[in-house]
Amino acid sequence: MSELTKGFVVVASKNHNFYLYAINLCESLRDYYEDAKICLVTEDRFLDGRESVADKVISCDGHYRAKCSGMAQSPWDITMYIDADMEVEHEDITKVWDELGDYDMVWSELTDDRSYIYA
């Protein structure tokens, strides 16, 4: 049996700024996890060449459920969804798969020590 594929999905729809945020996220992910597998789900109208930072690009529409649809289309066996307006700040991102263990899903939360960056 072959090893399961593991990768990240980022969805950017409805607003061009979400695409810009998503590109920033993908670039920050590459900064700390060069070999990460990244799938960007976005609208064709936003594409400008910067999407090449992702391994796979899937087209979506501007429907408010594009995020759900995009997550469901992950090309990876094991997927971590990251909101487009986030940024990777540490190399521990490479250890994210270790947290899954025998579970189907893992949830994380914003911790108090990072409260200064969210409202």
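**View 1. A pocket in the predicted model, with a volume of about 190 Å³.** Welcome to this predicted model; our tour opens at its second largest pocket. The lining of this pocket is made up of 13 residues, and those closest to its centre are Val-11, Ser-13, Phe-18, Lys-67 and Tyr-81. Two elements, S1 and helix H2 (66-72), each give two or more residues to the lining.

**View 2. The open sheet and its four strands.** Here we turn to the sheet. Read across, the strands come in the order S3-S2-S1-S4, with parallel pairing. At the edges are strand S3 (56-59) and strand S4 (78-81), each of which pairs on one side only. From one strand to the next, the twist averages 25 degrees. As general background, strands of a sheet pair through backbone hydrogen bonds, and the pairing can be parallel or antiparallel.

**View 3. How S1 pairs with S2 and with S4.** This view follows S1 on either side. S1 and S2 run parallel and are joined by five bridges. If you would like a place to start, look for Phe-8, whose bridge partner in S2 is Ile-38. S1 also pairs with S4, again in the parallel sense, over four bridges. On that side, Gly-7 has Thr-79 of S4 as its bridge partner. S1 is mostly covered, since six of its seven residues are buried.

**View 4. S2, a strand covered on both faces.** Of the five residues in S2, five are buried. Ile-38, Leu-40 and Thr-42 are buried on one side, while Cys-39 and Val-41 are buried on the other. S2 is joined to S3 by four bridges, and the two strands run parallel. Within that pairing, Cys-39 stands opposite Lys-56 in S3.

**View 5. The largest nonpolar core and a second, separate one.** The largest nonpolar core holds 23 residues. Which of them touch the most other members? They are Phe-8, Val-10, Leu-29, Tyr-33 and Leu-40. S1, H1 and S2 each supply at least two residues of this core, and H1 gives the most, with six residues. A second, separate core has eight residues, including Cys-39, Val-41, Cys-60 and Ala-66.

**View 6. Val-10 and the residues around it.** Val-10 is one of the residues that touch the most other members of the largest nonpolar core. Leaving aside its neighbours within four places in sequence, you can find Val-10 in contact with Ala-22, Leu-25 and Cys-26, with Cys-39, Leu-40 and Val-41, and with Ile-82 and Ala-84. Two of these contacts, Cys-39 and Val-41, are included in the second core.

**View 7. Ala-36, a buried residue in a loop.** Ala-36 sits in the loop between H1 and strand S2 (38-42). Is Ala-36 buried or exposed? Ala-36 counts as buried because its relative accessible area is 2%, below the 20% limit for that term. Not counting residues up to four places away in sequence, Ala-36 touches Phe-8, Leu-29, Arg-30 and Asp-55. Phe-8 and Leu-29 were named above among the residues that touch the most other members of the largest core. Ala-36 and Leu-100 are 64 residues apart in sequence, and their C-alpha atoms are 16 Å apart in space.

**View 8. Lys-14, a loop residue with a positive phi.** Lys-14 belongs to the loop between strand S1 (6-12) and helix H1 (16-32). The phi of Lys-14 is near 75 degrees, a positive value in a residue other than glycine. For background, most residues other than glycine have a negative phi. With a relative accessible area of 48%, Lys-14 is partly exposed.

**View 9. Asp-98, an exposed residue after S4.** Our last stop is in the segment after S4, where Asp-98 is found. Why is Asp-98 called exposed? Its relative accessible area is 60%, and the term applies over 50%. Asp-98 and Phe-8 are 90 residues apart in sequence and 14 Å apart in space, C-alpha to C-alpha.

Definitions and conventions:
Residues are numbered from 1 along each chain as its sequence is written. This is a predicted model: local features need pLDDT of at least 70, side-chain atom pairs count only at pLDDT 80 or more; totals for chains, interfaces and linings use all residues. Side-chain values use heavy atoms; hydrogens and water are left out. Buried means under 20% relative accessible area, exposed over 50%, partly exposed in between (1.4 Å probe, protein chains only). Contact means heavy atoms within 4.5 Å. Two strands pair if DSSP finds at least two bridges between them. Axes are lines fitted to C-alpha atoms, for helices over the stretch in contact, and angles run from 0 to 180 degrees between N-to-C directions. A nonpolar core is a set of buried Ala, Val, Leu, Ile, Met, Phe, Trp, Tyr and Cys residues joined through side-chain atoms within 4.5 Å. On a 1 Å grid over the protein atoms alone, a cavity is a set of points where a 1.4 Å probe fits but cannot get out, and a pocket is an open set with protein on both sides within 12 Å along at least five of seven lines; lining residues have an atom within 4 Å of a point. Grid points are joined across faces, edges and corners, and a volume is the space filled by probe spheres set on the points.
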